[in-house]
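Could you walk me through this structure, stop by stop? I have it open in my viewer and would like to know what to select next and what is there.

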Amino acid sequence: MPANKQRPPFRAEHLGSLLRPTELIEKRLKLDDKKALEIVQDDELHKLEDGAINDIVKLQLDLGYHAINDGEYRRHQFWGTFFPNLEGFEEIVNPEWDIFRMYVPDTAAFSKYSHLWPVLPFVVAMRLSKPDQTNVLFPLAETGHKPGETIVCTGKIKHVGSAYLSDWNYLKKLVPDDKVKNLKITLAAPEWYHLRYKKGRAYPKEVYATDAEYFADIAKAYQTELQLLYDNGCRNVTIDDPNLAYFCDEKMINGFKADGEDADALLDSYIKLYNDCVSSRPSDMHLGIHLCRGNFAYSKHFSEGGYDRIATKLFNDIDADTYFLEYDTERAGNFEPLKELPPHKNVVLGVITSKFPELEDLEETRGRVFQAADIIAKGAGQTREEALQRIGVSPQCGFASHHLGNAVTREDMIAKLKLVRELADSIWPGEP
């Protein structure tokens, strides 16, 4: 059996995205009409990002975190620019809706309210100028927002330069050398620009005859990216993947059935894609996978459903070290699926919500962690204490998966991060 990896992960974790300063949000809004690769070239934006990253790294250190990152401050949304940076992908503006699977949860949400997009600039301006009125604005903001950029395959896919390396190299300069190995970088999911598109629309048939051919070149690009990051000192990577959690959503599964497609077979193909992407990584590179049900601007979620229907495959078939799982509300189901977690793998329980400011009760949340530990222990033939050695705690998702951020203030975010650290210290005193 493979060895269990520790440090990373750590007992107290966060998922990556943190609230941006107002000036960074405002600058990005001014660039809203530009494509992703144009935005990252803006010098003024880059200077604002540098200053904000310096501050947010210091905050994480001060709060006692070890898997520190740059808050994803250089990204419009959590997945960054990996795909448009590849040869063979292109960003298109105002795509036709007929290319999308309309039952994929995030696509369904945006298409339902696309008529409200014109009011978005007003909503955002009001939120920035009158933060005390955000509760009134959230419903409108959630339903009136444009979806993320649409990236489509137009030719043979090839890795021609890292989308993440310059971000990584800046981050690692901000901490002592002995802390670099703990730093975390988050990556886009390899199937991100496949699930959303209808069968046969993710790539041109004259370029790739089958999904298998398309996935093979995606995998080569990930292998190259991971090796580049490793060669520059990165040892801690997490792939953010709401898509995997969408396979827990019965509405999407029913959509596949109505289209005559096999959702389980598609999930199997994604698991193979994952393994082709990551299985050749160096043995001392920790790989996490984060699943949530959507965390769009102003705390919008997209899907519901427990992990039951995917747990066996998710935990046993994907070559990952640690699973970062949403568990802050009932929409993620109960802890029973964790009985499928193999003895050599870890889970970080997202039992603190990043979506809303109310603080969870410490003792009640400790009880939830112990409940999960008992289920993990029973499934793996371990004691509670042994299972606890493979568990950490975190928020269920980031605080700003979209650059506009969740329905919380900076003070709320800090209070939540402190609570995660306090929760971890109360269960594993003295452990990082």
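Here is a short tour of salt bridges, a nonpolar core, a helix pair and one cysteine, in a model that is predicted.

**Stop 1: a buried charged pair**

Start by selecting Asp167 and Arg74. These two residues form a salt bridge, and their closest N and O atoms are 3.7 Å apart. Now trace where each partner sits: Asp167 belongs to helix H7 (residues 165-172), while Arg74 is in the loop between helix H3 (43-62) and strand S1 (87-92). The pair links distant parts of the chain, 93 residues apart. Are the two partners buried or exposed? Both Asp167 and Arg74 are buried.

Next, add Arg28, Glu49 and Asp50 to your selection. Together with Arg74 and Asp167, these residues are linked in a network of salt bridges. In the whole structure there are 27 salt bridges.

**Stop 2: around helix H7**

Stay with H7 and colour its buried residues: Leu165, Asp167, Trp168, Tyr170 and Leu171. Then show the elements around them. The cover over the buried residues of H7 includes H3, strand S3 (185-188) and H9.

**Stop 3: two bridges that involve helix H14**

Move on to helix H14 (residues 362-380) and pick Arg366 and Glu363, which lie three residues apart in H14 and so are separated by about one helical turn. They form a salt bridge whose closest N and O atoms are 3.5 Å apart. Look at how each partner is placed: Arg366 counts as buried because its relative accessibility is 18%, under the 20% cut-off. Glu363 is exposed, with a relative accessible area of 53%, which is over the 50% cut-off.

Then select Asp374 and Arg384. Their salt bridge brings the closest N and O atoms to 2.9 Å. Asp374 lies in H14 and Arg384 in helix H15 (residues 384-388), so this pair ties together parts that are ten residues apart in sequence. Asp374 is partly exposed, at a relative accessible area of 33%, and Arg384 also counts as partly exposed, at 33% relative accessibility.

**Stop 4: the nonpolar core**

Hide the charged residues for a moment. Which residues have the most contacts inside the largest nonpolar core? They are Phe83, Phe247, Leu338 and Leu349, in a core of 125 residues. In soluble globular proteins, nonpolar side chains tend to be buried together.

Centre the view on Leu349 and show what surrounds this residue. Leaving aside residues up to four places away in sequence, Leu349 touches Leu325, Tyr327, Phe335, Leu338, Val369, Ala372, Ile391, Gly392, Val393 and Ser394.

**Stop 5: helix against helix**

Now display helix H9 (residues 211-231) with helix H12 (residues 263-278). The two pack at an angle of about 35°, with their axes 7 Å apart, and the crossing is right-handed. For the contact itself, show Phe215, Ile218, Ala219, Tyr222, Gln223 and Leu226 on the H9 side, which meet Ser269, Tyr270, Leu273, Asp276, Cys277 and Val278 in H12. The residues of this contact divide into nine nonpolar, two polar and one charged.

**Stop 6: Cys153**

Finish at Cys153, which is found in strand S2 (residues 150-158). Cys153 is buried, with a relative accessible area of 5%. Its contacts, not counting residues up to four places away in sequence, are Gly88, Phe89, Ala202, Tyr203, Pro204, Tyr208 and Tyr214. For a last look, put a distance label between the C-alpha atoms of Cys153 and Ala202: these are separated by 6.4 Å, although the residues are 49 apart along the chain.

Terms used. Residues are numbered from 1 along each chain as its sequence is written. This is a predicted model: local features need pLDDT of at least 70, side-chain atom pairs count only at pLDDT 80 or more; totals for chains, interfaces and linings use all residues. Side-chain values use heavy atoms; hydrogens and water are left out. A salt bridge is a side-chain nitrogen of Lys or Arg within 4 Å of a carboxyl oxygen of Asp or Glu. Helices (H or I, at least four residues) and strands (E, at least two) are DSSP runs, numbered from the N terminus. Buried means under 20% relative accessible area, exposed over 50%, partly exposed in between (1.4 Å probe, protein chains only). A nonpolar core is a set of buried Ala, Val, Leu, Ile, Met, Phe, Trp, Tyr and Cys residues joined through side-chain atoms within 4.5 Å. Contact means heavy atoms within 4.5 Å. Axes are lines fitted to C-alpha atoms, for helices over the stretch in contact, and angles run from 0 to 180 degrees between N-to-C directions. A crossing is left-handed if the near helix is turned anticlockwise from the far one by less than a right angle, and right-handed if clockwise. Ala, Val, Leu, Ile, Met, Phe, Trp, Tyr, Cys and Pro count as nonpolar, Asp, Glu, Lys and Arg as charged, and the others, Gly among them, as polar.
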